[in-house]
Amino acid sequence: MEINKGTLYLCATPIGNLDDITLRVLNTLEQVDLIAAEDTRHSIKLLNHFEIKTPMTSYHEFNKVEKARYLVDKMREGVSVALITDAGTPGISDPGEELVKQCYEAGIPLTSLPGPAACITALTLSGLGTRRFCFEAFLPSDKKEKQWILQELKNETRTIVIYEAPHRLVRTLTELLGALGNRNITICRELTKRYETAFRTTFEDALKTYEKVDPKGECVIVIEGKSIQERKAEETKAFEDMTIEEHMVIFEGKGIDRKEAMRLVAKDRGISKREVYQYLINNDL
């Protein structure tokens with residue numbers, strides 16, 4: 001394959017099993033002028049395993065803005081750069097997105113070489129719904145921001161994928177249980193490695209298990225979304241707790257004309273438009 005000068009190559013690397021690297025990524029890492037790695041001490045093991053001698057430079061969370069400018073300048077000079085993360089696909093829950101952003105702003109050509117990603121591997125292994133899903137990566141450490149996200153996830157109907165370190169797993173499961181209620185989940189750990197496990201359980205049962213056994217290995221928590229039927233039932237109940245007049249005010253306050261507002265109220269409440277009309281007439285509204 002031919003490497004283009006002045007181009008960024010986003011190269012997905014194994015999340016555990018080294019056999020998961022693609023031939024295209026190997027050829028690219030061998031032929032580019034420079035490899036930007038999240039942790040050069042970690043990535044040198046990968047390069048040595050495949051006997052790749054390409055020079056490396058560090059690119060990580062704490063130097064991502066300034067180092068991205070440096071790499072962009074290098075690519076302007078015609079240097080080809082491969083970006084790799086410690087494991088998986090660059091830009092997914094790692095600083096790669098900053099470099100991609102700066103490349104677009106500078107008009108630098110780039111391409112992504114597909115390969116391993118822990119979130120997709122766990123999702124397909126989970127036994128939960130895969131047609132619709134959302135990825136939250138690691139929950140934020142800031143308490144207010146975390147509570148905001150947990151509140152947002154409370155009514156999420158898609159399957160949810162979250163990363164977590166083993167020493168924080170119990171705390172995160174406890175917080176998720178408190179916010180979302182007891183849900184079906186699959187906890188995937190040590191993905192693609194010798195001791196890979198997919199633990200299908202619930203929040204409550206998982207916490208009981210970890211009272212006896214300490215969690216080990218990097219984890220991906222895959223969470224069943226709230227069923228659409230349950231979501232609709234909750235919304236209907238919320239509407240039942242307000243009067244038709246209050247319900248009409250919500251829509252008319254958005255600038256929706258009265259006739260359309262009556263139709264929407266009837267739809268929300270599972271009643272006929274005529275019943276809404278009759279209520280308004282009877283109450284001189």
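Two strands count as paired here if DSSP finds at least two bridges between them. Keep that in mind for the first stop. The model on screen is predicted.

**Stop 1: the parallel sheet**

Select β2, residues 34-37, and β4, residues 81-84. The two strands run parallel, and four bridges join them. Now show alanine 36. Leucine 83 of β4 stands opposite alanine 36.

Widen the selection to the whole sheet. It is open and has five strands, in the order β3-β2-β4-β1-β5, with parallel pairing. At the edges are β3 (56-58) and β5 (110-113), each paired on one side only. Look along the sheet: neighbouring strands are turned against each other by 25° on average, direction ignored.

Next, add helix α1, residues 23-31. Which strands does α1 lie across? They are β1 (8-11), β2, β4 and β5, and the helix runs at about 135° to β5.

**Stop 2: strand β10**

Move to β10, residues 219-223. Why is β10 largely enclosed by the rest of the structure? Because five of its five residues are buried. Colour the side chains by direction. Cys219, Ile221 and Ile223 point one way, while Val220 and Val222 point the other way.

Now bring in the partners of β10. β7 pairs with β10 in the antiparallel sense over five bridges. In that pairing, tyrosine 163 stands opposite valine 220. β8 also pairs with β10, again antiparallel and over five bridges. Here arginine 189 stands opposite cysteine 219.

**Stop 3: the largest nonpolar core**

In soluble globular proteins, nonpolar side chains tend to be buried together. The largest nonpolar core in this model has 21 residues. Select Leu173, Leu176, Leu180, Ile187 and Ile223, which touch the most other members. Elements that each supply at least two core residues include α6 (143-153), β7 (159-164), β8 (184-189) and α8 (203-209). The largest share, five residues, comes from α7.

Centre on leucine 176. Leaving aside neighbours within four places in sequence, its contacts include Leu139, Leu150, Ile162 and Phe203. Ile221 and Ile223 of β10 are also in contact with leucine 176.

**Stop 4: the largest pocket**

Switch on a surface. The largest pocket holds about 940 Å³ of space. Which of its 29 lining residues are the closest to its centre? Select Ile15, Asp86, Ala87, Gly88 and Glu218. Then show α2 (40-49), β7 and β10, each of which supplies at least two lining residues. α2 gives the most, with four.

How values were computed:
Residues numbered from 1 in each chain as written. Predicted model: local features only at pLDDT ≥ 70, side-chain atom pairs only at ≥ 80, totals over all residues. Heavy atoms only, no water. Axes fitted to C-alpha atoms, helices over the stretch in contact; angles between N-to-C directions. Contact = heavy atoms within 4.5 Å. Core = buried A, V, L, I, M, F, W, Y, C linked by side-chain atoms within 4.5 Å. Buried < 20%, exposed > 50% of the residue type's maximum accessible area, 1.4 Å probe, protein only. 1 Å grid on protein atoms, 1.4 Å probe; cavity = no way out; pocket = protein on both sides within 12 Å on 5 of 7 lines; lining within 4 Å. Points joined across faces, edges and corners; volume = space filled by probe spheres on them.
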